[in-house]
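Here is a short note to read alongside the structure. Keep the model open and find each residue as it comes up.

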Amino acid sequence: MTSPDPYEADVAFDPVEVAAAARLDDDIAAVLAGSPRPGSVDPDLVVLANAFRREPSASTYAAVERRVAEARPRDSRWRWSLAQVSAAVLGIVLVVRGVVNMVAGEWISTSLGEPYNQHAMIDGGLAFIAIGAAIAVASTRRHWLPVAVVVGVPLGLVMGGRGVHEIGVFAWGAVAHGSAGLAAIVLLVTYLIAWRYSHRRGREEPV
């Protein structure tokens, strides 16, 4: 006589096991949906669920962003800030020079012993103001700094060189020219340091 098939008989399931299985189903659904309650899900279940994800979880994105933020070279930002401040200073110096040319052109010409040309002084003053404003605006964005360097450094160096002959002749003129030349030199040096440092970090630590 053969024994009866156990699958044909009604099997009474343990209510505790049924409830545990239902909780496990709920936990799996919550993990896969990305909304498990903190501390209520087995960590091993989270690891297994994440292994079958096609996209990284929100916690993974947050961890990566945190590590990237920690790895950013803060010194590089500080160096770029110095270059931006230098560009802003040069722009302000040029704007002030333009305003002085427009309002005190006759006094400048008399002090230098040169004939006064109102038309040239006003046009030159407007040009200085426009260039200085452009450099100052370029200093507000790191990616615009090359414009400030290309435009401001040559002009500042030329102005500084032209002010050498005013030493001992017109002190205020020498100071005005010298300040533009010094600001141009500082801008060039700080920009080159920031550029070289950032490119060196890029080669050593590729992201």
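**Notes on the model**

1. Start with the surface. The protein exposes about 14600 Å². Carbon and sulfur atoms supply 64% of that area. Keep in mind that this is a predicted model.

2. Next, the elements. The protein has eight helices and zero strands. Read from the N terminus, the order is α-α-α-α-α-α-α-α.

3. Now burial and contacts. The protein has 207 residues, and buried ones make up 27% of them. Take the contacts with a separation of 6 or more: 66% of these join residues 24 or more positions apart.

4. One helix pair deserves a careful look. Two packed helices are described by the angle between their axes and the distance between the axes. Helix α6 covers residues 118-138, and helix α7 covers residues 145-162. Their axes lie 8 Å apart, at an angle of about 140 degrees. How should this angle be classed? Angles over 145 degrees count as roughly antiparallel, and 65 to 115 as roughly perpendicular. The value of about 140 degrees falls in neither range, so α6 and α7 are oblique to each other. Their crossing is left-handed.

5. Which residues make the contact between α6 and α7? On the α6 side they are F128, I131, I135 and A138. On the α7 side they are L145, V147, A148, V151, G152, L155 and M159. By type, the residues of this contact divide into ten nonpolar, one polar and no charged. Glycine counts as polar here, so G152 is the polar one.

6. Look at the loop between α6 and α7, where S139 sits. Is S139 buried or exposed? Its relative accessibility is 8%. The cut-off for buried is under 20%, so S139 counts as buried. Leaving out residues up to four places away in sequence, S139 touches Q84, A87, A88 and L145. L145 also belongs to the α7 side of the contact with α6.

7. Go back into helix α6 for A130. A130 has a relative accessibility of 47%, so it counts as partly exposed. Along the chain, A130 and V95 are 35 residues apart. In space, their C-alpha atoms are separated by 7.5 Å.

8. Move to helix α4, residues 74-103, and pick out R77. R77 has a relative accessible area of 42%, which means partly exposed. How far is R77 from R142 in sequence and in space? The two are 65 residues apart in sequence. From C-alpha to C-alpha they are 9.4 Å apart.

9. R77 also leads to A194. In sequence, A194 and R77 are 117 residues apart, yet their C-alpha atoms are 8.3 Å apart in space. A194 is in helix α8, which spans residues 171-204. A194 has a relative accessible area of 0%, so it is buried. Setting aside residues up to four places away in sequence, A194 touches R79 and W80.

10. Finish with T110, in helix α5, residues 105-112. Is T110 buried or exposed? Its relative accessible area is 60%. The cut-off for exposed is over 50%, so T110 is exposed. T110 and F170 are 60 residues apart in sequence. Their C-alpha atoms are 9.9 Å apart in space.

How values were computed:
Residues are numbered from 1 along each chain as its sequence is written. This is a predicted model: local features need pLDDT of at least 70, side-chain atom pairs count only at pLDDT 80 or more; totals for chains, interfaces and linings use all residues. Side-chain values use heavy atoms; hydrogens and water are left out. Helices (H or I, at least four residues) and strands (E, at least two) are DSSP runs, numbered from the N terminus. Buried means under 20% relative accessible area, exposed over 50%, partly exposed in between (1.4 Å probe, protein chains only). Contact means heavy atoms within 4.5 Å. Accessible areas come from the Shrake-Rupley method with a 1.4 Å probe; for residues, only the protein chains shown count as cover. Axes are lines fitted to C-alpha atoms, for helices over the stretch in contact, and angles run from 0 to 180 degrees between N-to-C directions. Angles under 35 degrees count as roughly parallel, over 145 as roughly antiparallel, 65 to 115 as roughly perpendicular and the rest as oblique. A crossing is left-handed if the near helix is turned anticlockwise from the far one by less than a right angle, and right-handed if clockwise.
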